[in-house]
Amino acid sequence: MHPLKGALGFGLLSVLFVAIYKPLFFNTSEKFGYYPVLAMYVLGSVLALIPFLFLLRKYLREYNLGNALLFMVLVLSFGGVVGYFLGFALEAHPNSRWHWATFFDSMGNTYLGGSLPVLILWWYGHFKFSKEAGTPTKNQSIRIRSELKKEFLDIDPENLIYLEAEGNYVKLFYDSGQEVTHKLLRSSMNKMEAQLKNFPFIYRSHRSYMVNLYKIEAKSGNSMGYRLRLTNIDAQIPVSRNKTTEFDTVLEKLG
């Protein structure tokens with residue numbers, strides 16, 4: 001989520017790891033020794049990584065284990081390619097580098113020197129993500145994303161009232177602090193449900209509806225389905241027949 005910080009963190013951890021344990025072997029240049037060449041390798045890699053990380057963020061927006069592993073492989077492989085070409089400028093006898101053995105040696109050195117820093121950064125990011133995605137707190141603002149890059153809604157989930165599917169869009173009704181308003185985001189209800197899964201009071205009551213259980217003022221109906229009346233909302237929100245038992249259980253747990 002933070003390419004600049006990620007690239008700088010990767011560079012710093014790589015320098016510390018390689019400088020202390022010296023797992024890498026490369027030819028120093030005629031002008032510079034081991035540590036200056038190492039610093040220039042890392043600096044060049046960091047500068048190249050920054051735009052690459054911005055690109056990855058665009059396509060790997062959803063956090064999961066598969067994307068995390070793919071991210072690590074892509075970053076290390078990209079670093080290996082960058083390191084290979086940097087060697088032509090930094091090491092002695094650059095003309096001898098034009099063969100596959102040197103290329104794979106560069107890739108191996110990058111995985112050897114970069115794997116631990118990438119794992120440390122992944123562990124930090126995973127810990128931070130898990131902590132933020134844990135038990136929701138009061139006045140916790142989140143960003144609800146659309147399928148369109150520049151379209152989103154920053155909101156305290158407790159201010160959501162209900163969500164309604166409208167074709168390829170979802171209409172989000174919420175309390176702005178002054179009035180009930182709504183925003184239309186291009187997304188599916190399934191994707192909205194996934195984004196709000198850490199907030200158990202936002203409940204998928206129907207194929208086309210999600211509702212904030214704290215906003216319910218009255219419930220009517222029977223085992224064939226419910227109708228919910230919400231705070232400051234004229235429309236009644238349905239609860240599907242196959243959801244009534246689960247709905248009652250969730251509502252009871254929330255107290």
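## A three-stranded sheet

Strand 8 and strand 9 (residues 225-230) run antiparallel and are joined by six bridges. Strands here are DSSP runs of E with at least two residues, helices are DSSP runs of H or I with at least four residues, and both are numbered from the N terminus. Two strands pair if DSSP finds at least two bridges between them. One of the bridges in this pair links Ile-216 to its partner Leu-230 in strand 9.

These two strands belong to an open sheet of three strands, with antiparallel pairing and the order 8-9-10. Strand 8 (216-222) and strand 10 (236-239) are the edges of this sheet; each has a single partner strand, so one side of each has no neighbour in the sheet. From one strand to the next, the twist averages 25°, with axes fitted as lines to C-alpha atoms (for helices over the stretch in contact) and angles running from 0 to 180 degrees between N-to-C directions.

## The model as a whole

What you are looking at is a predicted model, in which local features need pLDDT of at least 70 and side-chain atom pairs count only at pLDDT 80 or more, while totals for chains, interfaces and linings use all residues. Residues are numbered from 1 along each chain as its sequence is written, and side-chain values use heavy atoms, with hydrogens and water left out.

The protein has six helices and ten strands. Of its 255 residues, 38% are buried, where buried means under 20% relative accessible area, exposed means over 50%, and partly exposed lies in between (1.4 Å probe, protein chains only). Contacts, meaning heavy atoms within 4.5 Å, also link distant parts of the sequence: among contacts with a separation of 6 or more, 50% come from residues 24 or more positions apart.

## A five-stranded sheet

Another open sheet has five strands in the order 5-4-3-7-6, again with antiparallel pairing. Its edges are strand 5 (180-186) and strand 6 (202-206), each with a single partner strand, so one side of each is left without a neighbour in the sheet. On average, neighbouring strands in this sheet are turned by 20° against each other, direction ignored.

Let us walk through its pairs. Strand 3 (residues 160-166) and strand 4 (residues 169-175) run antiparallel with six bridges between them, and Tyr-162 has Phe-173 of strand 4 as its bridge partner. Strand 3 also pairs with strand 7, in the antiparallel sense over three bridges; here Glu-164 is partnered by Tyr-209 of strand 7. Strand 7 pairs with strand 6 as well, over four bridges in the antiparallel sense, and the two form a hairpin with two residues between them. In this hairpin, Tyr-203 stands opposite Val-211 of strand 7. Tyr-209 and Val-211 point one way from strand 7 (residues 209-212), Met-210 and Asn-212 point the other way, and all are buried.

## The hairpin of strands 1 and 2

Strand 1 and strand 2 form a hairpin with six residues between them. They pair in the antiparallel sense over four bridges, with strand 2 covering residues 152-155. Side chains alternate along strand 1: Ile-142 and Ile-144 face one way and are buried, whereas Arg-143 and Arg-145 face the other way and are not.

Arg-143 has Asp-154 of strand 2 as its bridge partner. The charged end of Arg-143 also sits over the ring of Phe-152, 3.7 Å from its centre. This description applies if NZ of Lys or CZ of Arg is within 6 Å of the ring centre and within 35 degrees of the ring normal. Ile-144, in strand 1 (residues 142-145), has a relative accessible area of 0%. Residues that Ile-144 touches, leaving aside those up to four places away in sequence, include Phe-152, Leu-172 and Met-192. Met-192 is 48 residues from Ile-144 in sequence, yet their C-alpha atoms are 7.8 Å apart in space.

## Aromatic rings and helix 6

There are eleven aromatic pairs in the structure, counted where ring centres of Phe, Tyr and Trp (its six-membered ring) lie within 6.5 Å, with planes under 30 degrees apart called stacked, over 60 edge-to-face and the rest tilted. One aromatic cluster consists of Tyr-84, Phe-85, Trp-100, Phe-103 and Phe-104.

Finally, Thr-244 sits in helix 6 (residues 244-254) and is buried, with a relative accessible area of 6%. A polar atom of the Thr-244 side chain is 3.2 Å from the backbone oxygen of Arg-241. Beyond residues up to four places away in sequence, Thr-244 touches Asn-222, Ser-223, Gly-225, Tyr-226 and Val-239.

How values were computed: Polar contact = N/O pair within 3.5 Å; in protein donor to acceptor, adjacent residues only side chain to side chain.
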